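This report describes how selected strands are arranged and paired. The sequence and structure are shown first.

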Amino acid sequence: MRIVAEPLTRASFSAFGSVIEVPASSDADSIRSSANQSSAAKYSPISTLSHSYAKSDSVKPVLSLFHCNPRALSIASGQSIYTLSLLERHPHTTQTFIPMGLSPLDTQTRFLVIVALYQTNEDRPDWTKVRAFVAKGNQGVTYGVGVWHAPMVVIGAEKVLFSVLMWNNGVPEDECTECEVRDGVDQDVQVVVPAVAAVAKL
């Protein structure tokens, strides 16, 4: 199955989590206020950070840095392709990625946000319902609790540094579940990365 990565917007991503960006002017008024002695505009809330760990667990927020290398792309029929082989989820916590130092004007280095719905009556991702989004340097994302998603996929020539925030109870088994494509069972997913010229117009 081949899908085309679409622009990342708050509306298109709403079923999977939230997009972290300055809202469009039509949406900003309800969450904008003055801050820092009127020297700043504050937008809040912009993203929901939550968890479903038991109250008895020793749960705390953990802020990490991920320095992500660009992923290899293949070329088929003149298109740049990222082949998806694995999805993961965090069963009890949201996970937030915020790029650091990546300009929104940089069309050469971007990142893909890839997500999937669950299979009906199965605790696995539905590989036929994968969606992919192209994110720019002024956008971050928060994956909802338990949302299947690909590990971060940077595309381009440069590494990208991300601040990553999630809740943790100190039990590695509770933190992350991975699911690989099963040969002969799951449908292969190829993500078409739009050409730079096309993305630059978004």
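In this predicted model, strand E1 and strand E18 (residues 189–193) run parallel and are joined by 3 bridges. Within this pairing, isoleucine 3 of E1 stands opposite valine 191 in E18.

Both strands belong to an open sheet of 4 strands, in the order E1-E18-E8-E7 and with mixed pairing. The edges of the sheet are formed by strand E1 (2–4) and strand E7 (74–76), each of which pairs on one side only. On average, and with direction ignored, neighbouring strands of this sheet are turned by 40° against each other. In general, it is backbone hydrogen bonds that pair the strands of a sheet, in either a parallel or an antiparallel sense.

A further group of pairings involves strand E13 (residues 140–143). Strand E3 (residues 17–20) pairs with E13 in the antiparallel sense, and strand E10 (residues 95–100) likewise runs antiparallel to E13. Threonine 142 in E13 stands opposite serine 18 and also opposite threonine 96.

The pairings described here are listed below.

| Strand pair | Sense | Bridges |
|---|---|---|
| E1 and E18 | parallel | 3 bridges |
| E3 and E13 | antiparallel | 4 bridges |
| E10 and E13 | antiparallel | 3 bridges |

Are the residues on the two faces of strand E13 buried or exposed? Gly140 and Thr142 on one side are buried, as are Val141 and Tyr143 on the other, and both faces of the strand are thus covered. In a regular strand, side chains alternate between the two faces of the sheet.

Terms used
Residues are numbered from 1 along each chain as its sequence is written. This is a predicted model: local features need pLDDT of at least 70, side-chain atom pairs count only at pLDDT 80 or more; totals for chains, interfaces and linings use all residues. Side-chain values use heavy atoms; hydrogens and water are left out. Two strands pair if DSSP finds at least two bridges between them. Axes are lines fitted to C-alpha atoms, for helices over the stretch in contact, and angles run from 0 to 180 degrees between N-to-C directions. Buried means under 20% relative accessible area, exposed over 50%, partly exposed in between (1.4 Å probe, protein chains only).
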